[in-house]
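Here are some exercises to work through with the model open beside you. Try each task before you read its solution.

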Amino acid sequence: LSAVNFDTTTFPALKNDLYLRAARGEETERAPVWCMRQAGRYLPEFRAIRVENEFFRVCRAPALATEVTLQPLRRYAGLLDAAIIFSDILVIPQAMGLEVQMVAGKGPHFPDPLRTPDDLQRLVDQSPGFSVDTELDYVYKALTNTRHALDGQVPLLGFVGAPWTLMAYMIEGGGSKTLALAKTWLFAHRAAAHELLGRVAEVAAQFLVGQVRAGAQALQVFESWAGELSPQDFAEFSLPYLALIAERVKAVYPEVPMTVFAKGAHYALELLATETLYDVVSLDWTVDPRIARARVDAAVAAARPGAGPRSVVLQGNLDPTILLGDEETIRERTAEMCRSFGHSGHIANLGHGMMPSHDPERLRVFLETVHSSSAELRCQ
Ligand code: CP3
């Protein structure tokens, strides 16, 4: 591991700005491509680091976080158009005072989750002297150091978990099939639910602003559990907080592209495209890209008549389990995905993250196919 560099005053010049241009809605020579969870357990080089280092230790040690962030860029040299900082959405609940452990084979575990509205008093975000920037300075250091180490190869993405998804983890204490405990708050402790969502949203917005100050060049907000909400409950408990986060960040950094990934919320595409300031809407694989494109374009045209052709950019959306298939199927389905999104306004990605059982060489097939088929599409 090389020496760390925490200088935020000058960064290396960016050599590949394809992702940033596409995210801003500009025409590009091909669709940029990156993958959610591109740094992770499917990579043997990541598992080697994890043998000696507990998960959150990797997040907290800037040199390790940088190394892991760069692993996929090294392996897939020239094929990835963005790096995403190695961290986790659960650093926000930790900063707010909850303990989170990463249990091998089980995922995240909160030994002492929020149970009743009285437990909100245990959160430290309103305590005197609390500072998001102090609590999460280790993420800022990881971003700054990684931005230097990237040497301008590709832009560096920062991210946060969205309030509803984080609230669900803070109450359930880990993964859950029904989110029955978290949803009890929505329907039995509605005011406390809104208080918690609002407090998490403020922390998340400040954290994103700090991430840009530290070197992040674009941002993504993960609402991984949007699909557990009905359209009505999404409109009440998720959308306003997603919108607030984008407003807060855009007020400080209007030029920094922002993406929202509300997994499972295909019913909310129009709302995400018209009622928020996100530049990019990321899709999971349950929605047909052609239909998504038509729906968001129609909604944007109706909401901003006369504003011209500028619509939101779409990201996604290959079913990650297709990477468990044979190479020919991966090629076919990836090319079909690129065709379905059309010749502009697309950032290629999977519809969710890489899985530990994925073969890294199958991801290479996906990346190569995006390069060839999306460039071909634009020559037509
Ligand atoms: O490469 C990247 O995308 C950057 C790093 C990243 C991680 N987590 C690393 C990680 C990102 C962007 C996340 C986001 C995240 N974390 C989300 C949102 C995206 C999504 O998948 O919906 C969520 C819900 C979490 C919470 C979380 N963290 C879970 C559910 C797990 C367990 C996953 C599992 O499959 O068991 C984690 C742990 C985690 N975060 C790992 C990695 C590489 C694996 C942990 C390990 O090394 O043991």
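Keep in mind throughout that this is a predicted model.

**Exercise 1. Find which residues of helix α15 are buried and which are exposed, and say what the helix packs against.**

Step 1. Begin with the helix itself: α15 covers residues 327–341, and its 15 residues reach 21 Å from the first C-alpha to the last, close to the 21 Å expected at 1.5 Å a residue.

Step 2. Sort the side chains. Ile330, Thr334, Met337, Cys338 and Phe341 of α15 are buried. Looking down the axis of α15, you will find these buried residues within an arc of 95°, so they line one face of the helix. An α-helix has 3.6 residues a turn, so residues three or four places apart point the same way. On the other side of α15, Glu328 and Glu336 are exposed.

Step 3. Look for the packing partners. The buried residues of α15 pack against α14 (289–303), β8 (313–318), β9 (346–350) and α16 (360–379).

Step 4. Check what comes after the helix: Gly342 follows α15 and has a positive phi, near 85°.

**Exercise 2. Take Thr369 and work out whether it is buried or exposed, and which residues it contacts away from its sequence neighbours.**

Step 1. Locate Thr369 in helix α16.

Step 2. Count its surroundings. Thr369 has 22 C-beta neighbours inside 10 Å, and because the cut-off for a buried residue is 20 or more, Thr369 counts as buried.

Step 3. Leave aside neighbours within four places in sequence, and the contacts of Thr369 are Ile330, Arg331, Thr334 and Ala335. Two of these names return from the first exercise: Ile330 and Thr334 are buried residues of α15.

Step 4. Compare sequence with space: Thr369 and Glu332 are 37 residues apart in sequence, yet their C-alpha atoms are 8.7 Å apart.

**Exercise 3. Trace the order of the strands in the open sheet and find which strands lie at its edges.**

Step 1. Follow the seven strands in the order β1-β4-β5-β6-β7-β8-β9, with parallel pairing.

Step 2. Pick out the edges: β1 (83–84) and β9 each pair on one side only.

Step 3. Zoom in on one pair. β7 (residues 280–282) joins β8 in the parallel sense over three bridges, and Val280 has Val313 of β8 as its bridge partner.

Step 4. Add helices. α7 (residues 137–150) packs on the sheet, where it touches β1 and β4 (156–161), and its direction makes about 155° with that of β4. α15 lies across β8 and β9 and runs at about 160° to β8.

**Exercise 4. Find which residues touch the most other members of the largest nonpolar core.**

Step 1. Among the 118 residues of this core, the answer is Ile92, Leu157, Met167, Ala204, Ile245 and Val281.

Step 2. Ask where the largest share comes from: helix α10 (residues 190–214) supplies twelve residues.

Step 3. Follow Ile245. Beyond four places in sequence, its contacts are Ala201, Ala204, Ala205, Leu208 and Val221.

**Exercise 5. Inspect the backbone at Asn317, Arg37 and Asp151.**

Step 1. Recall the usual case: most residues other than glycine have a negative phi, and most peptide bonds are trans.

Step 2. In strand β8 you meet Asn317; the peptide bond from Gly316 to Asn317 is cis, with omega near -10°.

Step 3. In the loop between α1 (18–23) and α2 (44–52) sits Arg37, whose phi is positive at about 55°. Arg37 is partly exposed, with 17 C-beta neighbours inside 10 Å.

Step 4. Finish with Asp151, in the loop between α7 and β4. Its phi is also positive, near 55°, and Asp151 is partly exposed, with 13 other C-beta atoms within 10 Å.

How values were computed
Residues numbered from 1 in each chain as written. Predicted model: local features only at pLDDT ≥ 70, side-chain atom pairs only at ≥ 80, totals over all residues. Helix = DSSP H or I, 4+ residues; strand = E, 2+ residues; numbered from the N terminus. Expected span 1.5 Å × (residues − 1). Buried ≥ 20, exposed ≤ 12 C-beta atoms within 10 Å, placed from the backbone. Arc of directions from axis to C-beta. Contact = placed C-beta atoms within 7 Å. Core = buried A, V, L, I, M, F, W, Y, C linked by C-beta atoms within 7 Å. Pairing = 2+ DSSP bridges. Axes fitted to C-alpha atoms, helices over the stretch in contact; angles between N-to-C directions.
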